[in-house]
Amino acid sequence: MGSHEEERLLLEEGHVESGNDGLYTGNGSVDFKGNPVLKSKTGNWRACPFILGTECCERLAYYGIATNLVSYLTKNLHQGNVSAATTVTTWQGTCYLTPLIGAVLADAYWGRYWTIAAFSTLYFIGMCTLTASATIPYFKPPECVDSVCPSASAAQYAIFFFGLYLTALGTGGIKPCVSSFGADQFDDTDPVESVKKGSFFNWFYFSINIGALISSSLIVWIQDNAGWGLGFGIPALFMGFAIASFFSGTSLYRFQRPGGSPITRMCQVLVASFRKWNLDVPDDSNLLYELRDKSSAIQGSRKLMHTDELKCLDKAAVISDAESKRGDYSNAWSLCTVTQVEELKILIRMFPIWATGIVFAAVYAQMSTMFVEQGMVMDTAIGSFSIPAASLSTFDVISVIFWVPMYDRVLVPVAKMFTGQDRGFTELQRMGVGLFLSILCMSAAAIVEIFRLSYVVDTAAAAPMSIFWQIPQYFLLGAAEVFTFIGQLEFFYDQSPDAMRSLCTALSLLTTALGNYLSSFILTVVTSLTTQGGQPGWIPDNLNVGHLDYFFWLLAALSFFNLVVYVFCARMYKSKNAS
């Protein structure tokens, strides 16, 4: 009687169409013990508070280090400005490269849950090490005496950098897995839960920015005024809270089984197709090799339908005469299933969309570089109080916090009436809006700079123009984040093969690192070209005699060109089709 009543309630709520099978998820998820899971008792929004709490606390810990790290390096470790800046950028770049390690481990061997658990522990140990390096007298670098600042000892450097890079490794196992693990809590074969999954990504990004807001305001103030022992200790405590929050929801989670190394599977397709380069691909795709039962040869993955693109890769699934005579189809280096071939095709199709995210990331990088430089030569005074130029980034966070619920509660219902999409916009449409907003952001920054230069009276002093004129460009950038970055999270989760979701999320994070490198490259080229012949260039040390507005217009033009390429790629893109 209990099971029939449970099914009846699920039917009334629209979770299933009919039959007892509707009681369970249709995407292959299991519980902690590996058993099929009931929709009514696991996953969905009931599991998400633990995951969102984990992400909020982890991001608070991360930004608790990153936001003010350059200050600690210069004032406490007594590094020079160039050395400190290099240390920070190298560490941040590492933080966006290590997700590739965590992603491969999650997809291939451990699963997302255990990868998050293991790397969170490393993260916490790293945070505690940093706290010790700023608290224990033997580990603390010596303080300056008058103008003499002794260098830190080798042991002090070692303990600090060990803790710093242990956190970089820790974040590499969390970044690519937490958003995917949260999305795993929604069954994408259920139309109702699939819509909720789109909403999850919005609130996931919201939780990130709540953590960032607390760090960029309260934690930074504590570090500057109450000491770095407490300034590192509080983020370490919150990392402990993140681990506790994550484990607390274990009984409610839905789990996806790891499917083996995605890199190995891709290599097998390439090798098998090369070995069979002289074989013809049959016109009937049913003649290509695939398991005949419902399950896929890849654990934790559903079968993928054959597509007609990139037929050269289909050769990997062609059954040769020798294989047919032997009846042995077990060597994946000479014969791959259609699903395995389609996995690689999906990644290749996603590549152009992925690449356009690099330019957006280069625009986003201006928030912590050129926007700050621009703000430093504006009027930062409010009465007797001076506003740090970097603190204007708070308006970017406020913009995100404003736009996430606005998008989820207002824009989606309105857009749904026009587009007919359950989520209001498709992932591709959403990212396109964000790319358009990035053009407006750079244009706003350029216009502000034009007006700032017109206010310059003394080239040796800041322009008498309030720094608050920068708010529109920060606000536009925050809105662009909500559309582009969250759209990327949705896109790379929904469109990636089931057994490659962590890897694809890591690849989306990689655009941030590459965007920073692209920004540095553009800056280097612009400086080299515009300083020829003894000219001050667009971006001299004294911006009052330069043309930072030209640099912003260049990025706006590059963003426009990037949007045109994106629209073309998006129109050509073919969504994956699981069977």
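A residue counts as buried when its relative accessible area is under 20%, as exposed when that area is over 50%, and as partly exposed in between. Keep those cut-offs in mind for the views below, which all come from a predicted model.

**Figure 1. The whole chain, with 18 helices and 2 strands.** Before zooming in, here is the setting: the secondary structure comes to 18 helices and 2 strands. The radius of gyration is 26 Å, close to the 25 Å that the globule rule gives for 579 residues, so the chain is as compact as a globular protein of that length. Along the principal axes, the C-alpha atoms fill a box of roughly 85 × 55 × 50 Å. Of the 579 residues, 53% are buried. Take the contacts between residues at least 6 apart in sequence: 81% of them join residues at least 24 apart.

**Figure 2. The surface and charges of the chain.** About 25,200 Å² of the chain is exposed, and carbon and sulfur atoms supply 65% of this area. If you are setting up electrostatics, you may like the tally of 36 positive and 46 negative side chains. The centres of these two sets lie 6 Å apart. Side chains of opposite charge can pair when their charged atoms come close. Over the whole structure, a search finds 21 salt bridges, and the next three views pick out some of them.

**Figure 3. Asp-188 and Lys-197 in a salt bridge.** The closest N and O atoms of this pair are 3.9 Å apart. Lys-197 has a relative accessible area of 2%, which is under 20%, so Lys-197 is buried. Its partner Asp-188 stands at 23% relative accessibility and therefore counts as partly exposed.

**Figure 4. Arg-501 and Asp-498 in a salt bridge.** Here the two side chains meet with an N to O distance of 3.4 Å. Both Arg-501 and Asp-498 are buried. Salt bridges that share partners tie Arg-501 and Asp-498 into one network with Asp-188, Lys-197, Arg-302 and Asp-494, so do look back at the pair in Figure 3.

**Figure 5. Asp-408 and Arg-409 in a salt bridge.** In this pair, 3.6 Å separates the closest N and O atoms. Asp-408 is buried because its relative accessibility of 10% is under 20%. Arg-409, in contrast, has 57% relative accessibility, which is over 50%, so Arg-409 counts as exposed.

**Figure 6. Asn-44 and Gly-53 in helix α2.** Helix α2 covers residues 44-66 and includes Asn-44. Most residues other than glycine have a negative phi. Against that background, a phi near 60° at Asn-44 is worth a look, being a positive value in a residue other than glycine. Asn-44 is buried, with a relative accessible area of 7%. Gly-53 also lies in helix α2, and at 23% relative accessibility Gly-53 counts as partly exposed. Widen the view to bring in Thr-530: Gly-53 and Thr-530 are 477 residues apart along the chain, and 48 Å separates their C-alpha atoms.

**Figure 7. Leu-310 in a loop, with a positive phi.** Leu-310 sits in the loop between α9 (262-275) and α10 (311-314). Although Leu-310 is not a glycine, its phi is positive, at about 50°. With 33% relative accessibility, Leu-310 counts as partly exposed.

Notes. Residues are numbered from 1 along each chain as its sequence is written. This is a predicted model: local features need pLDDT of at least 70, side-chain atom pairs count only at pLDDT 80 or more; totals for chains, interfaces and linings use all residues. Side-chain values use heavy atoms; hydrogens and water are left out. Helices (H or I, at least four residues) and strands (E, at least two) are DSSP runs, numbered from the N terminus. The radius of gyration is taken over C-alpha atoms; the globule rule is 2.2 Å times the number of residues to the power 0.38. Buried means under 20% relative accessible area, exposed over 50%, partly exposed in between (1.4 Å probe, protein chains only). Contact means heavy atoms within 4.5 Å. Accessible areas come from the Shrake-Rupley method with a 1.4 Å probe; for residues, only the protein chains shown count as cover. Lys and Arg count as positive and Asp and Glu as negative; His and the chain ends are not counted. The place of a charge is taken as NZ of Lys, CZ of Arg, CG of Asp or CD of Glu. A salt bridge is a side-chain nitrogen of Lys or Arg within 4 Å of a carboxyl oxygen of Asp or Glu.
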